[in-house]
Structure formats: structure tokens, C-alpha cells
Amino acid sequence: AGLEGLAAGAMAAVPSFAPLRVRLEGLCGFLRDGCGFGGDAEHYYEPDNSLIDRVLTTRRGIPISLAVVYVEVAARVGLDCEGVNFPGHFLVRAFGDEETLLVDPFAGTVLDDAACLHLLRSTRGPDAELREEHFAAASPLVVLVRMLNNLKQLAVAQERWFDALRFSELILLAEPGLVFEHGERAALFERIGQPDLALLELQQLEAAVDDATLRARVGREISRLTRLGGGDRTVH
């Protein structure tokens with residue numbers, strides 16, 4: 001079922017006037033047990049786990065893609081939720097009249113402070129401590145860019161250079177201010193034997209950065225590519 005179908009099924013599990021925890025646990029139980037949504041630990045890095053249409057079909061995903069499902073279904077049943085950029089493991093935050101609660105969409109469970117600390121230490125080491133910045137909200141744009149970046153990194157790891165460039169282009173369409181993406185695109189264009197296009201990307205990066213040391217480093221890369229046959233094309 002799509003998001004609308006999931007929301008229709010979730011209505012009975014999320015009583016309108018119950019306390020936030022009861023409503024949230026109802027949503028988690030419905031998506032986790034009733035529908036089979038959960039984290040794909042065995043094939044964590046498969047591209048399908050970062051594609052929402054595939055996650056809706058397979059019911060498996062990674063924290064950020066599952067969080068999108070939770071947030072969208074929650075909104076359709078009257079719960080106010082948002083994504084949370086928790087280190088190494090995306091979470092969902094739900095707002096009530098008097099409290100907020102966190103959900104791990106990968107496990108389909110409501111988290112308390114102890115569970116959050118355990119989750120943090122599982123990715124950051126045994127001495128890590130919870131800080132306010134660990135619970136920063138993630139706007140829809142941040143979520144989109146992060147998911148596209150996941151797909152790009154998966155493509156790079158599998159040496160699918162053209163796919164990586166496609167995801168990189170989508171990242172810049174979504175957030176043109178991510179100027180360092182031009183540096184990554186330059187490396188990808190060089191991988192596929194297009195030094196002239198790599199040069200254009202580096203020229204755009206050089207024009208966008210203010211740090212003198214970084215500009216000098218980019219300038220050296222531009223000189224190197226020019227010697228390799230990138231030509232003398234200039235961005236205007």
C-alpha cells in the first residue's frame with residue numbers, strides 16, 4: 001500500500017484523544033508488526049533501501065528512509081512529527097501538548113534517554129555523551145539531500161560513476177549552495193575520462209570559495225587538469 005493506504009490502516013491503531021505515547025506506540029506497532037516495516041540490517045547498503053517507492057514495496061529500509069514513511073503516515077493520522085539528524089542513526093520526533101518523544105524507525109520503537117545514549121555510543125564510542133545538537137531537526141530539504149547523498153555514495157562504492165553523477169546533479173538542483181559538491185563532481189568526471197568537464201566543475205568551486213588556502217589547492221588541481229588536456233575552457 002502507498003502512504004494513503006497505510007494511513008487509512010493506521011487510523012484504528014492511533015486513537016485521536018489518547019496520550020502522545022499511546023498514539024505513537026500505536027503507530028509504531030501498526031507499521032512494525034502490522035505492516036512489517038523495519039530496518040534491513042542484512043542488506044543495509046542496498047540502493048533500494050534509500051528509495052522510498054522501493055521501501056514502500058519491500059517494507060525494508062535504513063533509518064532515514066523509514067523515517068520518511070513514519071513522518072508521512074503520522075501526518076495523515078494527526079500526529080505532528082519531524083526528522084531528527086541524530087548522529088549515525090536518523091530518528092523521528094513527535095510533538096504532543098506537553099511532551100515530545102523520539103522514535104527509532106529502524107526498530108519501530110519509542111526511545112527514552114537511556115536508549116538514545118545507547119544508540120549514540122553504538123556509533124560514536126563508549127565515552128560519547130548526549131548533547132543538544134544531536135537532536136537537531138532535519139527539514140524536508142535536509143532529508144532529501146541526505147538521501148541523495150546516500151545514493152551517490154553507494155554508487156561511488158560500486159563504481160557506478162554515471163549514477164553517482166546523476167545523484168550529484170540532483171543534490172545541486174535541490175541545494176545549489178553546496179559548492180563543495182563541484183569538487184566531488186570534478187573527481188567523478190575525471191573517473192569517466194572527461195577532464196574538460198572536471199575542469200569546469202573545479203572552476204566553479206574556485207569561484208565560490210573564499211578561503212585562500214583552499215582556493216590555492218583548487219587552483220593547483222585546475223593546473224593539473226589543464227596539463228592533462230582539460231583545455232582552457234572558462235566558466236563565465
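**View 1. A pocket of about 220 Å³, the second largest, opens this set of close-ups.** Welcome to a predicted model, in which local features need pLDDT of at least 70, side-chain atom pairs count only at pLDDT 80 or more, and totals for chains, interfaces and linings use all residues. Residues are numbered from 1 along each chain as its sequence is written, and side-chain values use heavy atoms, with hydrogens and water left out. The lining of this second largest pocket includes Ala18, Pro19, Leu20 and Arg23, together with Gly78, Leu79 and Asp80. Phe95, Gly96, Asp97, Glu98 and Glu99 also belong to the lining. By class, 5 of the lining residues are nonpolar, 2 polar and 5 charged (Ala, Val, Leu, Ile, Met, Phe, Trp, Tyr, Cys and Pro count as nonpolar, Asp, Glu, Lys and Arg as charged, and the others, Gly among them, as polar). A pocket here is an open set of points on a 1 Å grid over the protein atoms alone, where a 1.4 Å probe fits, with protein on both sides within 12 Å along at least five of seven lines; lining residues have an atom within 4 Å of a point. Its volume is the space filled by probe spheres set on the points, which are joined across faces, edges and corners.

**View 2. The largest pocket holds about 260 Å³ of space.** Among its lining residues are Tyr44, Tyr45, Ser50, Ile62, Pro63 and Ile64. Gly88 and Phe90 line this pocket too, as do Arg146, Asn150, Gln153 and Leu154. Helices α4 (63–76) and α6 (140–157) each supply at least two lining residues, and α6 gives the most, with 4. The lining has 7 nonpolar, 4 polar and 1 charged residues. Helices (H or I, at least four residues) and strands (E, at least two) are DSSP runs, numbered from the N terminus.

**View 3. An open sheet of 5 strands runs in the order β6-β5-β4-β3-β7, with antiparallel pairing.** At the edges are β6 (109–111) and β7 (137–138), each pairing on one side only. Two strands pair if DSSP finds at least two bridges between them. Strand β5 (residues 100–104) is joined to β6 over 3 bridges, with aspartate 104 partnering threonine 109. At the β7 edge, 2 bridges link β3 and β7, and valine 84 has alanine 137 as its bridge partner.

**View 4. Strands β3 and β4 form a hairpin with 6 residues between them.** Antiparallel β3 (residues 80–84) and β4 (residues 91–95) are joined by 5 bridges, and cysteine 81 stands opposite alanine 94. In the turn, look for glycine 88, whose phi is positive at about 75°. Glycine 88 also appears in the lining of the largest pocket.

**View 5. Helices α6 and α7 (residues 161–174) cross at roughly 165°, their axes coming within 8 Å.** That angle makes α6 roughly antiparallel to α7 (over 145 degrees counts as roughly antiparallel). Axes are lines fitted to C-alpha atoms, for helices over the stretch in contact, and angles run from 0 to 180 degrees between N-to-C directions. The crossing is left-handed, meaning that the near helix is turned anticlockwise from the far one by less than a right angle.

**View 6. Helices α8 (residues 181–191) and α9 (residues 195–208) have axes that come within 8 Å and cross at roughly 165°.** That makes α8 roughly antiparallel to α9. Here too, α8 passes α9 in a left-handed crossing.

Definitions and conventions:
Parallel < 35°, antiparallel > 145°, perpendicular 65-115°, else oblique.
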